[in-house]
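Please open the model in your viewer and keep the selection panel at hand. The stops below go from the whole chain to single side chains.

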Amino acid sequence: MSSEGAYFEYPSAKTFATLLEVIGGVADEILMDIGPDAIQVRALDPARLSLIEVRIPSSAFTQYNVRPEGLRVGLNLSSLLKVLPKPKKGEVLKFSADEAFYSLLIEGTTPKLFRSRSIEVSAEEIPELSL
């Protein structure tokens, strides 16, 4: 991992893919905010009726390195989920990103690498919820 971006490993590729599927049920495109302490995704559905917010602390990852100021990566989930195979139990997910590209490596008996360009997703203002 270079100082130009972010790198993390999640111990269960299957769990991480399921999380992406759940988020993809709400939003087609997301802005993944990879910070020094956590990964955060906040997304609204196209009709602006449903909100999903996910925060995964850095302690949930087996490896987690990100530049001090963090990195924002735009993902087209609808396209990614079409090509991403269902990970099997025991496979590990490795994610790396820089300003222009991101890579997903599902490491198991047969490694599967997916590399794509980061898309520009508007960081729309999502109001804070008061529950």
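Accessible areas here come from the Shrake-Rupley method with a 1.4 Å probe, and for residues only the protein chains shown count as cover. With the whole protein selected, the surface it exposes is about 7700 Å², of which carbon and sulfur atoms supply 51%.

Two remarks on provenance belong here. The model is predicted, so local features need pLDDT of at least 70 and side-chain atom pairs count only at pLDDT 80 or more, whereas totals for chains, interfaces and linings use all residues. Residues are numbered from 1 along each chain as its sequence is written, and side-chain values use heavy atoms, with hydrogens and water left out.

Switch next to a cartoon and follow the chain, which reads β-α-β-β-β-β-β-α-β-β-β and holds two helices and nine strands (DSSP runs numbered from the N terminus, H or I of at least four residues for helices, E of at least two for strands). The C-alpha trace spans about 45 × 30 × 30 Å along its principal axes.

Now select Gly 74, which lies in strand 6 (residues 71–76). Is Gly 74 buried or exposed? Gly 74 counts as buried because its relative accessibility is 1%, where buried means under 20% relative accessible area, exposed over 50%, and partly exposed in between (1.4 Å probe, protein chains only). Leaving aside residues up to four places away in sequence, Gly 74 touches Ile 30, Leu 31, Tyr 102, Arg 117, Ser 118, Ile 119 and Val 121, a contact being heavy atoms within 4.5 Å.

For the next stops, show the charged side chains and look for salt bridges (a side-chain nitrogen of Lys or Arg within 4 Å of a carboxyl oxygen of Asp or Glu); by this rule there are eight. Select Glu 53 and Arg 42, whose closest N and O atoms are 3.5 Å apart. This pair links distant parts of the chain, with Glu 53 in strand 4 (residues 51–57) and Arg 42 in strand 3 (residues 38–44), 11 residues apart. Glu 53 is partly exposed at 45% relative accessible area, and Arg 42 is partly exposed at 21%.

Move on to Glu 69 and Arg 67, which form a salt bridge at 3.3 Å between the closest N and O atoms; Glu 69 is exposed at 59%, whereas Arg 67 is buried at 12%.

Finish with Lys 94 and Glu 107, whose side chains meet in a salt bridge of 3.0 Å, N to O. Lys 94 sits in strand 7 (residues 92–97) and Glu 107 in strand 8 (residues 101–107). Add Glu 9 to the selection, and salt bridges that share partners join Glu 9, Lys 94 and Glu 107 into one network.
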